[in-house]
Amino acid sequence: MKYIIASDLHGSAYYCEMFLGAIGRENADKIIFLGDILYHGPRNNLPKDYAPKKVIEMLNPLAEKMFCVRGNCDCEVDEMVLAFPCLAEYALIGGEKRTIFASHGHKFGKDNPPPLGKGDILLCGHTHVPALEKLGSDNIYINPGSLSIPKEGSAHSYMTLDGGVFIWKNLDGGAEYRRFEI
């Protein structure tokens, strides 16, 4: 199964349109969205073409492919307008050797990890910075970066997971810039 993984869209219709193009290019079976779909929050500037209602219209047709966790800018009214659940604090993706613990990152993140088994992966958004880091002696922290408001000079980005390989890609054109094999 091929996944496309993204985070931190923050209501940008412009970057949502680019993400839809990436979904088409990648031909992924499922979408893992790590939160902060519709709103920008008080700490962020408005992203380009901020239009949450338009983002709703663009993402709702993908409901059957969407797995989503709650970001710190997501709220209960979002689930009233989105055609897919978006308020889970975390999701577990089981593998043969490792479990992926997917969370936005504001409750369970690099600095406050959940209980993880040996070799498990913590997959988060929230920081808007792509990352691949050791977490303690046995675990790995992975972040796809942000679709609409990247930070620390990073690119607008997403990632894929296919056959045990995570690939980070630029949103503009899908150029690969990092790879990690489980």
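This passage walks through the helices, cores, ring pairs and salt bridges of a predicted model.

Helix 1 is a good place to start. With 14 residues, helix 1 stretches 20 Å from its first C-alpha to its last, close to the 20 Å expected at 1.5 Å a residue. Quite a few of its side chains are tucked away: Ala13, Tyr15, Cys16, Met18, Phe19, Ala22, Ile23 and Glu26 are buried. The cover over these buried residues includes strand 1, strand 2, helix 2, strand 9 (157–162) and strand 10. Right after helix 1 comes Asn27, and its phi is positive, near 50 degrees.

Helix 2 (residues 52–59) has a buried side too, made up of Pro52, Val55, Ile56, Met58 and Leu59. These residues span an arc of only 165 degrees around the axis, so they sit on the same side of helix 2. Turn to the face pointing away from that buried side, and there are the exposed residues Lys53 and Glu57. Among the elements covering the buried residues of helix 2 are helix 1, strand 3 (66–68) and helix 3.

Both helices also feed into the largest nonpolar core, which has 29 residues. Inside this core, the residues with the most contacts are Phe19, Phe33, Ile37, Val55 and Leu59. At least two core residues come from each of strand 1 (2–6), helix 1, strand 2 (30–33), helix 2 and strand 3. Helix 1 gives the most to this core, with 7 residues. Apart from this core lies another one, of 17 residues, including Tyr3, Ile142, Met159 and Phe166.

Phe19 deserves a closer look. Leaving out residues up to four places away in sequence, Phe19 touches Ile4, Ala6, Ile31, Phe33, Leu147 and Leu171. Phe19 counts as buried because its relative accessibility is 0%, where the cut-off is under 20%. Phe33, at 1% relative accessibility, is buried as well.

Next come the aromatic rings, where the count is 5 pairs. In one of them, Phe19 and Phe33 meet edge-to-face, with 6.2 Å from centre to centre and 75 degrees between the planes. Phe19 belongs to helix 1 and Phe33 to strand 2, so this pair ties together parts that are 14 residues apart in sequence. Tyr90 and Phe101 make another pair, and this one is stacked because the ring centres are 4.7 Å apart and the planes are at 20 degrees. Here strand 4 supplies Tyr90 and strand 5 supplies Phe101, so parts 11 residues apart in sequence are tied together. Tyr90 is partly exposed, with a relative accessible area of 41%, whereas Phe101 is buried at 7%. Phe108 joins in as well: ring pairs link Tyr90, Phe101 and Phe108 into a cluster.

Phe101 and Phe108 turn up again around Leu122, a residue of strand 6. Leu122 is buried, with a relative accessible area of 0%. Beyond its neighbours within four places in sequence, Leu122 is in contact with Phe101, Phe108, Gly109, Lys110, Pro113, Pro114, Leu116, Leu135, Ile140, Tyr141 and Ile142. One of these partners, Leu135, is 13 residues away along the chain, and the two C-alpha atoms are separated by 8.4 Å.

Charged side chains finish the picture. Side chains of opposite charge can pair when their charged atoms come close. The structure holds 5 salt bridges. One of them joins Lys169 to Glu26, with the closest N and O atoms 2.9 Å apart. This pair links distant parts of the chain, since Lys169 is in strand 10 (residues 165–170) and Glu26 in helix 1 (residues 13–26), 143 residues apart. Both Lys169 and Glu26 are buried.

Lys107 and Glu89 form another salt bridge, and their closest N and O atoms are 3.6 Å apart. Lys107 lies in the loop between strand 5 (99–103) and strand 6 (121–124), and Glu89 in the loop between helix 3 (76–81) and strand 4 (90–94), so the pair ties together parts that are 18 residues apart in sequence. Lys107 is partly exposed, with a relative accessible area of 46%, and Glu89 is partly exposed at 25%. Glu176 and Arg179 also meet in a salt bridge, at 2.9 Å from N to O. Glu176 is partly exposed, with a relative accessible area of 40%. Finally, salt bridges with shared partners join Lys2, Glu26 and Lys169 into one network.

Technical notes. Residues numbered from 1 in each chain as written. Predicted model: local features only at pLDDT ≥ 70, side-chain atom pairs only at ≥ 80, totals over all residues. Heavy atoms only, no water. Salt bridge = Lys/Arg side-chain N within 4 Å of Asp/Glu carboxyl O. Helix = DSSP H or I, 4+ residues; strand = E, 2+ residues; numbered from the N terminus. Buried < 20%, exposed > 50% of the residue type's maximum accessible area, 1.4 Å probe, protein only. Arc of directions from axis to C-beta. Contact = heavy atoms within 4.5 Å. Core = buried A, V, L, I, M, F, W, Y, C linked by side-chain atoms within 4.5 Å. Expected span 1.5 Å × (residues − 1). Phe/Tyr/Trp six-rings, centres within 6.5 Å; stacked < 30°, edge-to-face > 60°.
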